[in-house]
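Visitor: Please show me the chain. Then walk me through it.

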Amino acid sequence: MPINITMPALSPTMEEGNLAKWLVKEGDKVSAGDVIAEIETDKATMEVEAVDEGTVGKIVVQAGTEGVKVNELIAVLLEDGEDAGAIEASGGGSSAPAKPEADKVPAVPASSPAIEVGAKAATDPLPAPKAADGGRIFSSPLARRLAQLNGLDLKALKGTGPHGRIVKRDIEAAVASGAGKAAPAAAAEAPKAAAAPALATGPSADQVLKLFDKDSYELVPHDGMRKTIAKRLTESKQTIPHFYVSVDCELDALLALRTQLNDAAAKDRDGKPAYKLSVNDMTIKALALALRDVPDANVSWTDEAMVKHKHADVGVAVSIPGGLITPIIRRAEEKPLSIISNEMKDYGKRAKERKLKPEEYQGGTTAVSNMGMMGVKNFSAVVNPPHATILAVGAGEKRPVVKDGELAVATVMSVTLSTDHRCVDGALGAELLAAFKGYIENPMSMLV
């Protein structure tokens, strides 16, 4: 029986992706584990592997297609001995991407109510319905839309698509026979759910453009990364009560130790050192150790309970074209500075190439955003859920300070801790910053 290949969910939050490239063509033989396509998410390009062996019988979604929904059919694999005719016989390929199907109005008997499907109606996603036992009813996005428009209850229908999936022809048959009519309450519920407003992130283009002359601007469409950033940060500022704590840290001892450690790094036969520490690497380590020492601040908020993390997984904001991404140094409190440094260099390089894996940038328990290298003195960062804290790091600069009652000059760095006040109160945030400042100003303690 033909095997359907669907758009994979490459992360828990992924809803759609762009099919960037096919690495196979129809007629090619593949084995389990072979890389067959490249998928672009909002922040990374991932490879898709075949899970079975066979022959590529049909490519449903062409390379370059954007906005392909998770679990949407993208190709069909034929088993040994099967030919292309088996695809039509099994219904394979009937669940084509929602966008191409948007232009196809299903044919229905003249005696049945008309089904009106415009491009928007066919492509607007509806949630997958649940069976009476709570299990998922497998159905195509177009089938769900048509069922809603015609007041059909998918639980009352039997699918003829692959693995019992309800597809367009099943809806057409139900409309023709009058079967599967939903109860009035259920029929009214679906439009209500579909009409739920999206989280607002700003004014519409029409609202803004009418303020300017037509020749004074150009429109640059948002890519997936920018949309995700806008959605997540708007949600963060609307739902998380932010609280800010700032402190100044003297860096002279840390800079001296960094120089000593870098000079002591082993070199290979080409003279390349095994590591080269940066202030950012030492900042990551100091924050991780501070969270180890103040475990009540190493938490995440949920409505049911406080999540207390056992390790400090520190996300680090990395600027890339079109936005930013936060690769995560896992268990940073346990890692030597040299390992943290080399991991960050690898993550930074692959982040700019959009080659990070989802597990390398999702999750984490806190984050560091360092704009010091850009000359920024201080700023406040936005908490990125599920984190409860994020540390904004400014530039180290020579400043006058008072030591032992006398005026002196020291290299000083300002940092601001943003916290989720639901779980990290002001006093707890101050305790965490005090621990961080202790490691920065007494850096030898990070080597113990």
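**A buried loop residue and two cores**

Guide: Asn298 touches Leu291, Val307, Lys308, His309, His311, Ala312 and Thr365, leaving out residues up to four places away in sequence. Touching, or contact, means heavy atoms within 4.5 Å. This is a predicted model, where local features need pLDDT of at least 70 and side-chain atom pairs count only at pLDDT 80 or more, while totals for chains, interfaces and linings use all residues. Residues are numbered from 1 along each chain as its sequence is written, and side-chain values use heavy atoms, without hydrogens and water.

Visitor: Is Asn298 buried or exposed?

Guide: Buried means under 20% relative accessible area, exposed over 50%, partly exposed in between (1.4 Å probe, protein chains only). Asn298 has 3% relative accessibility, so Asn298 counts as buried.

Visitor: Which residue has its backbone oxygen 3.0 Å from a polar atom of the Asn298 side chain?

Guide: Asn298 is found in the loop between α10 and β10 (299-301). A polar atom of its side chain lies 3.0 Å from the backbone oxygen of His311.

Visitor: Which helix gives the most to the largest nonpolar core?

Guide: A nonpolar core is a set of buried Ala, Val, Leu, Ile, Met, Phe, Trp, Tyr and Cys residues joined through side-chain atoms within 4.5 Å. The largest has 81 residues, and Trp22, Ile36 and Phe436 touch the most other members. Helices (H or I, at least four residues) and strands (E, at least two) are DSSP runs, numbered from the N terminus. With nine residues, the top contributor to this core is helix α10.

How values were computed:
Polar contact = N/O pair within 3.5 Å; in protein donor to acceptor, adjacent residues only side chain to side chain.
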